[in-house]
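Grab a pencil and work through these exercises with the model open beside you. Try each task before you read its solution.

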Amino acid sequence: MLGAKESFVIKSIEFRKLGTALAAFAFIAAGCSAGGANTAPVATTLPTVTTAAPTPVAPAATTVPAAMAAPTATTVPAAMAAPTATAVPAATATKAATVALAPTLAPTPTACSVTLTPAQTEGPYYLAGAPMKASLVEAGMAGTRVILTGRVLTNQCVPVAGAIVDVWQADDAGVYDLKGFRLRGKVTADAQGNYAIETILPGLYPGRTRHIHVKVTIPGGPTLTSQVYFPNEGANRTDGIFDAAMLAKMSDGAGGVKMATIDFVLKK
Ligand SMILES: [Fe+2]
């Protein structure tokens, strides 16, 4: 039997053990909270945090794509608009194509109402190899000054740049130079097909009305041989070769010079 004193000692000891146990429990409990960061349970807790993390990221990601989508959508249409705008140059190209075609197709055939220049006999007095010269007039040469001028065109009314107009004729007395190139010469049509050569009004000779012989050659193309006549000539009615289609239009030029205008239209 224990005495009251001994019983008290034992109870005190038991009580201390219990206190110690409680303290230890409290310590562990506190350790679990304070030292959790360095223990496995924390890692167990972190996944939870990590899991929570994606959640906020998700909205962010949702926002970003949205933002990305917006600019992209804005940019794409813009970029799409650009090609559309590029289509404008295409329209410009169409205009350019139209412009490029215009000289070839539009005005020319529409405004074209020319008649092919009739071919006429060369006659017995042509000499090949006449010189290139803008004036056949020589010092002291008798006769009324005439400038034979006009255009060289195709039957599509296209001016023939570089066409050669070869002219020969009788002098004021109706005589051809068969030994040289007097009153014989060639000129070249300009970029618009214009030609001009200064000469004199040809004289009359038996059987023929007043006329100038011509050979017109398109570069790389055919040569047309014909003759030019003058209005109000009595012999026009009796000349069997005369063709009214080859009558020049007469007008007065500067210095008393007569302008005899006629176009030459060749098939090409
Ligand atoms: Fe002649």
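**Exercise 1. Find the residues, beyond four places in sequence, that Met250 is in contact with.**

Step 1. Start with the rule: two residues are in contact if their C-beta atoms, placed from the backbone, lie within 7 Å.

Step 2. Skip the neighbours within four places in sequence, and Met250 turns out to touch Phe230, Pro231, Lys258, Met259 and Ala260.

Step 3. Now look at one of these partners, Ala260: Met250 is 10 residues away from it in sequence, with 4.8 Å between the two C-alpha atoms.

Step 4. Place Met250 on the chain, and you land in strand E7 (residues 249–252). Strands (E, at least two residues) and helices (H or I, at least four) are DSSP runs, numbered from the N terminus.

Before you go on, bear in mind that this is a predicted model: local features need pLDDT of at least 70, side-chain atom pairs count only at pLDDT 80 or more, and totals for chains, interfaces and linings use all residues. Residues are numbered from 1 along each chain as its sequence is written.

**Exercise 2. Decide whether Met250, Cys157 and Leu183 are buried, exposed or partly exposed.**

Step 1. Here's the yardstick: a residue is buried if 20 or more other C-beta atoms lie within 10 Å of its own, exposed if 12 or fewer, and partly exposed in between, with C-beta atoms placed from the backbone.

Step 2. Met250 is partly exposed because it has 15 C-beta neighbours inside 10 Å.

Step 3. Cys157 has 18 other C-beta atoms within 10 Å, so it is partly exposed too. You'll find Cys157 in the loop between E1 and E2, and its phi is positive, about 65°, although it is not a glycine.

Step 4. Leu183 counts as buried because it has 24 C-beta neighbours inside 10 Å. This residue sits in the loop between E2 and E3; Leu183 isn't a glycine either, yet it has a positive phi of about 55°.

**Exercise 3. Work out the strand order of the open sheet that four strands form.**

Step 1. A reminder first: strands of a sheet pair through backbone hydrogen bonds, either parallel or antiparallel. For the count used here, two strands pair if DSSP finds at least two bridges between them.

Step 2. Take strand E5 (residues 211–217), where five of the seven residues are buried. With strand E2 (residues 164–168), E5 makes five bridges in the antiparallel sense. Among the matched residues, Val165 has Val216 as its bridge partner in E5, and Val167 has Val214.

Step 3. Then turn to strand E6 (residues 223–229), which is joined to E5 by seven bridges, again antiparallel. Here His213 stands opposite Gln227. E5 and E6 make a hairpin with five residues between them, and Gly220 in the turn has a positive phi of about 75°.

Step 4. Put it together, and the order reads E3-E2-E5-E6, with antiparallel pairing. Strand E3 (184–188) and E6 are the edge strands, each pairing on one side only. From one strand to the next, the twist averages 20° (axes are lines fitted to C-alpha atoms, for helices over the stretch in contact, and angles run from 0 to 180 degrees between N-to-C directions).

**Exercise 4. List the strands that E1 pairs with, and say in which sense.**

Step 1. E1 runs antiparallel to E4, with seven bridges joining them; Val146 has Thr199 as its bridge partner in E4.

Step 2. With strand E8 (residues 258–261), E1 pairs in the parallel sense over four bridges, and Ile147 stands opposite Met259.

Step 3. E9 is joined to E1 by three bridges, also in the parallel sense. There, Val152 stands opposite Phe264.

**Exercise 5. Which residues have the most contacts inside the largest nonpolar core?**

Step 1. A nonpolar core is a set of buried Ala, Val, Leu, Ile, Met, Phe, Trp, Tyr and Cys residues joined through C-beta atoms within 7 Å.

Step 2. The largest one has 30 residues, and the top scorers for contacts inside it are Val152, Val165 and Val216.

Step 3. Strand E1 (145–154) gives this core its largest share, four residues.

Step 4. Finish with Val152: beyond four places in sequence, its contacts include Val165, Val216 and Phe264.
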